[in-house]
Amino acid sequence: MKPQPATTIDFGPDPNSYHHHHHSSDEYEQVHYPHNAESLPLHLMDSTQRRRGGQRAEPVPFQEEEDYSKEFDRRPQQQRLSSGRLRTHVAPPSTFGEFIDQNLEHIVPVLYTLAACWTRFHRIGAANLVVWDEAHFGKFGTHYLKREFYFDVHPPLGKMLVGLAGLLSGYDGSFEFKSGETYPPEVPYTAWRVLMSLFGVGMVPLAWYTSVELGMSQWACHIVALMVLCDIGWLCISRFILLDSMLLFFTLLTVFCLTKFHNQQWQSFSIDWYLWLILTGISIGLVSSVKLIGLFVTALVGLYTVEDLWDKFGDLKMSYSTQIQHWVARIGALIVLPFMVYMASFKIHFLVLNHSGPGDSQMSSLFQANLKGNDFLSNPVEVVYGSRVTFKNMGWGGGLLHSHVQTYPTGSNQQQVTCYHYKDENNEWNILPTWDDPIPYNPNDPELRYLQSGDVIRLQHVPTTRNLHSHPIPAPVSKLNHEVSCYGNATIGDNQDHWLIEVVDDTAVSRSEYGKRVRSLTTRLRIRHAASGCYLRADNTILPQWGFKQIEVSCIADAPLSDYHTYWNVESHWNDRLPAGTTTVRRSPFFRDFWHLNVAMWTSNNALIPDPDKEDILASQPFDWPFLHLGLRMCGWGDGQVKYYLLGNPIVWWGSTVSLMVAVMSLVWYILRWQRKYVDMNDKEWAHWIYVFKIAFGGWFLHYVPFLIMGRVTYLHHYLPTLYFSVLMFAHIFDHFVFSSPRFSQQTKAIVFGVLAFAIVSVFWWFSGLAFGVEGPIKDEWGLGWRRSWNIYNQL
């Protein structure tokens with residue numbers, strides 16, 4: 001009998017296999033953490049697993065590249081949570097002891113936070129004087145409580161939080177915050193300072209958890225937390241009504257959220273992945289809304305994102321749809337969302353400050369006209385000859401046409417003409433006919449002569465009686481344009497004083513009415529020099545110190561109609577022969593006001609340049625900061641007052657600066673050894689080492705180098721956000737060479753840690769009086785002059 005053929009039954013793939021299902025291309029781009037110990041995250045390895053000694057690699061014959069996709073596809077069975085570490089589900093605690101056991105990792109940062117509360121709150125009300133920049137930011141907080149519009153070079157979020165803290169502390173907005181003035185009893189300055197110092201308290205736990213997310217050892221996490229807790233500079237700046245504690249807190253928050261997001265990269269598009277991506281974007285918006293220095297940490301996030309997307313672009317197993325999803329998620333969360341947060345701070349700023357205040361003239365005329373208490377709408381509407389007016393430039397950040405008795409040091413040496421952003425009588429001009437006008441001007445003529453498009457007029461500066469004038473002499477800064485000056489007086493002048501009015505449009509009348517009459521606030525016009533044909537222009541170019549850093553006004557030939565810096569409108573208008581205005585004007589659009597204020601902020605910030613004729617005893621250079629060459633006296637230095645000196649902890653500053661140098665040399669050393677085929681670290685160890693290096697050194701570089709190239713005046717506190725990244729580098733270097741190295745025993749590591757911790761804490765205690773406040777003569781404080789350049793003892 002013929003045997004039956006064997007029958008093969010296919011039961012399908014092994015259900016216990018990791019690879020029986022179809023894998024999407026997205027899964028291959030994830031970073032997975034298998035069960036085997038060598039593949040765990042570095043912060044879960046012991047010191048032996050984490051680092052390998054340098055061994056010379058043996059040459060191997062060429063082999064075909066193997067497919068490692070299956071190996072990288074192994075995922076752990078435990079659910080991965082938002083911290084980026086493997087955890088298992090546990091039952092809710094039934095006793096206090098179980099609760100402690102399940103939350104041991106949070107005990108240490110809680111203790112550090114309590115210590116931060118003590119250092120930040122201790123003797124915080126010792127000085128009952130307005131200290132340093134409390135004179136500025138306390139005043140800005142007052143404006144919010146009074147709802148008065150003001151202007152400052154910084155975005156509004158931090159100052160709104162200052163105002164909110166003042167409100168919560170019970171402040172009524174009645175104090176003027178003059179520098180060095182004593183606080184009256186009705187100003188709760190101590191409670192106000194305590195609320196502001198909470199941001200300084202929050203820096204310490206953020207530093208701890210960021211170190212954990214960076215994969216540092218427990219030793220290194222303690223070092224970071226101690227350095228943030230015990231730095232005198234961070235402590236001192238956090239104890240007053242200032243913006244810097246908020247800037248520092250949101251900078252640290254941004255870095256923390258970025259590291260949390262990085263640890264979710266293995267599970268892209270999960271809830272935790274989206275959560276930390278969105279929180280990173282919100283943090284960027286918050287830090288940028290406090291000070292524009294927040295753009296530096298934004299750049300760090302941007303570079304990280306660019307590298308991340310570039311790596312994904314090189315993953316040939318990732319589908320195009322997944323690539324697009326990654327791009328869309330990052331554009332939405334890291335560009336659109338931060339910009340929305342930034343704009344929202346300005347929207348709230350405009351809604352709260354709806355009363356006329358000292359900063360009105362920085363904004364457009366329409367914006368000012370809608371502020372409560374502003375009198376623009378009661379001014380006469382139509383402009384006539386003999387009217388006294390002010391002209392507002394309608395370009396972004398434009399100011400008021402201005403002149404003063406000072407003359408140009410070059411060119412014609414005639415009286416200067418500028419644009420000025422504050423209300424002043426030097427902004428006022430009379431509308432008069434030309435010298436050769438056939439109709440003699442009579443200010444008492446009962447027949448009014450209205451100003452219309454096409455009229456040639458003369459603009460007389462009211463305080464000096466000189467006439468607005470231009471001639472073919474190069475402008476002092478914009479050399480291709482003609483200089484604009486004031487020349488002559490009420491009886492002396494020439495045809496270079498004549499200007500042609502060209503109406504562009506009017507928002508209050510129909511198009512058919514354009515050009516018939518010039519109206520205050522609503523008519524947009526251009527002022528053309530009758531003799532040369534050039535247009536009066538102000539484009540935010542800053543004059544040198546001899547021009548008081550005001551905006552240059554020049555005369556430009558062939559200006560296109562799209563050049564809004566040649567647009568002007570009549571803002572204030574006085575004429576006793578005309579009836580008061582009764583009309584209303586439309587509100588200026590939010591986006592126009594938003595952009596206008598930001599340009600004004602940038603322009604004013606760029607004007608903060610050192611005056612070569614004056615010595616700023618508080619200023620310092622960026623090269624002075626890393627090694628703490630100079631400190632900063634934050635108040636008067638009399639024997640009878642409490643004195644504060646902004647100075648870092650020398651161990652923290654000097655050690656972190658040296659660590660940057662060691663890190664760069666180590667990078668070069670490892671690259672050279674890698675080229676010579678030495679194996680000091682495996683791929684995962686190297687990826688971790690270079691990742692922390694990029695965060696620490698990249699953050700330091702992006703925060704420090706811009707100050708080397710910017711022209712504005714700089715102070716020691718500008719280095720405080722930069723210092724944080726060098727502190728991370730300090731811990732990273734010690735973690736790499738000592739705490740995670742198999743070369744040293746646990747006892748040796750404990751000794752190294754003990755020496756570092758003792759040095760940090762003892763030096764903090766030695767200099768802590770500079771932050772807590774020195775009472776009595778400073779000469780009675782012994783041993784604080786570690787460097788001769790520190791002006792703690794010597795008189796300024």
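**Group meeting: helix 17 and a disulfide**

I'll start just past the end of helix 17: the helix is followed by Lys677, and the phi of Lys677 is positive, near 70 degrees. Keep in mind that this is a predicted model.

Now the helix itself. Helix 17 covers residues 650-675, which is 26 residues. Does the length come out right or wrong? At 1.5 Å a residue the expected span is 38 Å, and the C-alpha atoms at the two ends are 38 Å apart, so the two values agree. At the other end, Asn649 acts as the N-terminal cap of helix 17. A side-chain oxygen of Asn649 sits 3.0 Å from the backbone nitrogen of Ile651.

Next, the cysteines. How many disulfides does a search of the whole structure find? The search finds one. That disulfide joins Cys534 to Cys555, with an S to S distance of 1.9 Å. Where do these two cysteines lie? Cys534 is in the loop between strand 10 (523-529) and strand 11 (535-537), while Cys555 is in strand 13 (residues 554-556). The pair therefore ties together parts that are 21 residues apart in sequence.

As for handedness, the torsion about the S-S bond of Cys534 and Cys555 is about 95 degrees, so this disulfide is right-handed.

Are Cys534 and Cys555 buried or exposed? Both are buried.

Two further cysteines, briefly. Cys221 has a relative accessible area of 0%, and Cys230 has one of 4%. Buried means under 20%, so Cys221 counts as buried, and so does Cys230.

That's all I have.

How values were computed:
Residues numbered from 1 in each chain as written. Predicted model: local features only at pLDDT ≥ 70, side-chain atom pairs only at ≥ 80, totals over all residues. Heavy atoms only, no water. Helix = DSSP H or I, 4+ residues; strand = E, 2+ residues; numbered from the N terminus. Expected span 1.5 Å × (residues − 1). Polar contact = N/O pair within 3.5 Å; in protein donor to acceptor, adjacent residues only side chain to side chain. Disulfide = S-S within 2.5 Å. Buried < 20%, exposed > 50% of the residue type's maximum accessible area, 1.4 Å probe, protein only.
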